[in-house]
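Colleague: Could we go through this structure together? I should like to begin with the ligands.

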Amino acid sequence: MNEPYGVFDPSQFADLVEQSSDLIQCADKNGDFLYVNQSWCNTLGYTKKEALTLTVEDVFHPDSVAHCKSIFKRVLAGLSVGEVEAAFITKSGERLDVQGYIDSKWDDSGNPCYTRATFRDITDKKRLEKQNEDFRLRLVESNELHQLLSTVMTNAVELDNREFDDRITDALRAFGRFVSVDRAYIFHYDFILDMTSNTHEWCEEGIEPQIDQLQKIPLNDIPDWVNRHRAGEEVMINNIYLLPEHDRVRQILEPQGVKSILTVPMMRKGICFGFVGFESVSDYHPFSEIEKKILLQLSHFLLNVLERKRISDDLSHSNRQLQTIMDSQSELVCKFDRDCNLSFTNRAFQQTLQAKSEEQDLSHLSSYMDEESFETLKEHINMLVETGQPKTLRISAYGHADTLIIEWNVYVTRYHDGAVSEFISVGYDVTEKEKLENQLVYMAYHDQLTGLLNRYGFERSLLESESSGACHLIMLDIDDFSMLNTIYGSATGDNILIETGHILNSLVSSNGFVSRISSDEFMVCLNSNDLWHDQHFLNSLEERVHHSFEGGSIPQFLHFSVGYTLFDPSAHSFEKAYHEATLALKSAKESGGAAIHAYMNWMYLDLQRINDIQKGLRNGLKENEFRMEYQQKMNNTSGKVTGVEALARWESKLLGNVGPGEFIPVFSKSEAIDLLSEWSINRVFHDLPELKAKYGADIKVSINLSPRVLLKKDFSQWLNNMRKRHKIDRDTVMLEITEDVFLEDLNLVNNLLRSIRDNGFLISLDDFGSGYASLSYLQNMLIDEVKIDKSITDQVLTNDKHLVLLNAIIKIAEAFHIAPVIEGVESENQLKLLQELGDFDVQGYLLHRPERL
Ligand code: C2E
Ligand code: MG
Ligand code: MG
């Protein structure tokens with residue numbers, strides 16, 4: 001027969017079998033190999049010869065022995081097994097996963113004679129599959145764990161203790177079930193008491209809880225266990241019955257029915273706080289690496305949560321303690337952030353302060369005070385943050401009934417990096433204290449009877465208004481007040497004082513302030529201005545007082561004695577001015593009262609010496625103790641001598657050298673000055689030819705004249721006669737008068753000056769700027785020269801105000817054709833400055849000292 005493919009001969013396929021890449025094998029019913037192909041040998045690592053000495057069981061992998069045996073048995077029994085999977089072991093001991101078909105051949109009587117099988121090596125495929133599965137599992141696990149942890153522990157730390165413990169147990173349950181154990185727990189190590197206790201436990205249904213028995217177990221019972229945990233290692237016992245019977249761990253675990261156990265420590269920064277464990281009670285549970293990892297994760301997680309819970313508990317505990325302590329304080333304590341949101345207030349705060357209205361947000365500081373106070377507080381806080389300097393701050397806040405004054409001490413707390421954490425404020429209710437303080441301050445600075453300032457209040461107000469410059473310090477005393485008191489009674493006396501206070505206040509109005517400094521003495525500060533006229537002041541005062549008591553029983557003859565001085569805070573102290581005013585008042589009183597006296601330098605002098613000086617004049621004149629010195633006056637630009645000033649000198653045998661600064665004021669008080677002036681004028685007129693010869697024919701000679709002399713009747717006539725007698729040219733002699741002269745009737749003075757000038761004398765206004773002089777004198781008085789006082793010259797280099805003043809005086813003088821002379825030039829720098837200011841005469845020690853002829 002011609003078969004298309006030739007005659008079928010199975011032996012022809014022997015090559016195919018032999019060269020197949022599949023593993024092909026035949027074995028007899030005992031399992032002894034009858035045939036293996038080359039692939040089989042190559043893959044399993046045996047030679048054919050070796051293979052034929054083996055049985056199938058020799059190549060079964062231990063994991064697969066039971067499975068392989070059962071397949072073999074089924075095949076020999078004639079049952080179909082379909083496609084099978086099995087695991088072989090190579091000669092070198094490696095695992096080989098295979099997949100294939102196996103069947104058996106029977107003899108004619110139907111008994112199995114051998115099995116035959118073809119397998120494919122699926123080791124790589126299996127490994128890949130396993131990897132995939134592992135990966136899939138890990139993904140599932142981590143996802144599930146993640147979800148578990150977040151659901152179990154969200155906000156756990158904010159729960160109360162019972163709920164928190166329940167959540168922990170939930171976590172143990174979830175993890176325990178996840179790894180199929182029936183008990184999971186946490187133990188805490190107490191290395192101070194050397195004990196460990198079960199804090200949380202979960203048991204599967206039907207498993208006996210053990211937590212009550214597992215408290216305070218001494219650590220020295222289980223040293224190895226503890227040491228492993230402290231070293232950061234797990235304790236894993238897959239079968240506790242493999243432990244020796246006397247082993248303490250076994251003795252503890254066995255009664256609990258534990259078969260397998262895995263525990264891992266809870267570690268932070270190398271310190272072991274306890275451990276977490278899984279137990280299997282119902283069956284043995286060999287723990288895998290992944291289960292260990294899961295337990296480790298649980299351990300980390302629990303440690304975190306427990307630690308957070310502990311910190312939060314500590315914090316709320318300290319907060320409760322703080323609240324308790326703070327509530328017992330009488331101070332108002334609060335904490336707030338940079339935006340003034342309150343995070344804490346103590347009981348005193350709540351009981352003392354109240355929000356402005358019910359709608360207000362009680363958790364914001366601004367609710368407790370008005371806008372202005374709140375702004376002040378915020379400014380204060382900003383300052384505090386900038387400077388770090390805590391400062392006490394008094395602001396008002398809303399109390400339950402009234403507005404309160406609270407003294408706040410605010411402190412700032414910061415984080416490690418310096419950022420502001422919050423503010424703590426401790427407040428004191430000082431409302432009463434402040435009222436009292438204000439009252440005390442008021443009392444300290446006010447007179448209780450009149451409500452006027454007292455001496456201290458006066459002094460304080462004066463210092464506060466120092467910047468406003470010079471002022472008149474006026475001291476008043478009611479004449480014979482003690483007598484009034486005796487006759488009319490002290491109630492009337494009080495009324496007089498009160499009324500006087502009112503009248504003084506209205507006289508002074510906003511130009512100054514009034515005080516009562518002792519029983520019937522008042523002190524007034526009146527801003528110095530050009531309109532000040534002392535007599536007018538006294539007259540107005542008396543007039544008003546008389547008017548206010550008109551028709552009553554109060555005497556109409558009420559009078560005042562007044563003394564005053566000019567107080568320039570930049571030049572002298574208040575004490576000095578006060579003393580000057582006292583002396584002036586004394587002088588007014590001594591003159592018989594109902595008078596107003598300005599302070600004069602002589603008032604300072606010792607009474608005895610004043611007497612001696614006064615008495616010494618006549619004798620001094622007789623004994624020729626007086627002489628004249630002359631100080632030159634020169635042009636500041638050309639240096640030409642323009643005149644000399646006659647300055648009297650007294651070398652008293654009795655009193656020694658007495659300067660004109662001392663004797664002139666004393667003599668000026670009485671007629672003595674007439675004598676001296678007569679002597680001076682005689683002396684100068686006599687010296688004049690010699691002076692002209694020495695200093696120049698066209699020089700002018702100045703003679704100082706006291707107001708008293710000038711105002712003397714017939715003086716002008718007398719002087720003129722003297723000039724004529726000495727044959728002195730007109731306009732050669734200049735008379736230096738001081739501004740006190742203008743304290744008299746200005747018209748009278750001006751008429752006098754006119755007649756003197758008509759008689760051929762020149763008039764110079766001396767010491768201008770040292771006293772009460774006003775620029776209006778330059779405008780209204782008949783004068784030829786103004787001598788600007790040394791006290792101004794002294795300060796022109798250092799004080800801009802004085803320079804401006806000097807310049808103004810010069811300009812005004814020149815505008816009225818009055819020659820300015822600057823006195824007291826002592827330094828080159830002064831002279832240089834004066835040269836820059838213009839062309840005028842100067843006088844001073846720098847240029848010439850007074851000298852004898
Ligand atoms: P005064 O009229 O202002 O005279 C200028 C005074 O200043 C003089 O003092 C003079 O020596 C002094 N003096 C001048 N240049 C300088 C200077 O550069 N530095 C300093 N520290 N002082 C300087 P003195 O001689 O002691 O006279 C004092 C006052 O006595 C005079 O001031 C004048 O008001 C008065 N006086 C002097 N002699 C008589 C007189 O015969 N009759 C009258 N009524 N008064 C006289
Ligand atoms: Mg003079
Ligand atoms: Mg002078």
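Modeller: Certainly. A polar side-chain atom of Glu 645 is 2.8 Å from an oxygen atom of ligand 1. Please keep in mind that this is a predicted model.

Colleague: Which atom of ligand 1 does the backbone of Ala 648 approach?

Modeller: A nitrogen atom of ligand 1 lies 3.1 Å from a backbone N or O atom of Ala 648. In addition, a side-chain N or O atom of Ser 680 is 3.3 Å from an oxygen atom of the ligand.

Colleague: How much of ligand 1 does the protein bury?

Modeller: The protein buries 82% of the 790 Å² that ligand 1 exposes when taken alone.

Colleague: And which element gives the most to the shell around it?

Modeller: Strand 23 does, with four residues. The shell around ligand 1 consists of seven nonpolar, six polar and eight charged residues.

Colleague: Turning to the metals, which residues are the protein donors of the magnesium ion (ligand 3)?

Modeller: They are Asp 766, Asp 767 and Glu 823, with Glu 823 listed twice through OE, and the donors lie 2.1 to 2.4 Å from the ion. Asp 766 and Glu 823 are 57 residues apart: Asp 766 is in strand 27, while Glu 823 is in the loop between strand 29 and helix 28.

Colleague: Are those two buried or exposed?

Modeller: Both Asp 766 and Glu 823 are buried.

Colleague: What does Asp 766 bridge?

Modeller: Asp 766 bridges the magnesium ion (ligand 3) and the magnesium ion (ligand 2), and these ions lie 4.0 Å apart. Asp 766 is also among the closest residues to ligand 1.

Methods: Residues numbered from 1 in each chain as written. Chains lettered and ligands numbered in written order. Predicted model: local features only at pLDDT ≥ 70, side-chain atom pairs only at ≥ 80, totals over all residues. Heavy atoms only, no water. Donors = N, O, S within 2.8 Å, 3.2 Å for Na, K, Ca; no water. Helix = DSSP H or I, 4+ residues; strand = E, 2+ residues; numbered from the N terminus. Buried < 20%, exposed > 50% of the residue type's maximum accessible area, 1.4 Å probe, protein only. Near = heavy atom within 4 Å. Polar contact = N/O pair within 3.5 Å; in protein donor to acceptor, adjacent residues only side chain to side chain. Areas by Shrake-Rupley, 256 points an atom, 1.4 Å probe, with all protein chains shown as cover. Nonpolar A, V, L, I, M, F, W, Y, C, P; charged D, E, K, R; others polar.
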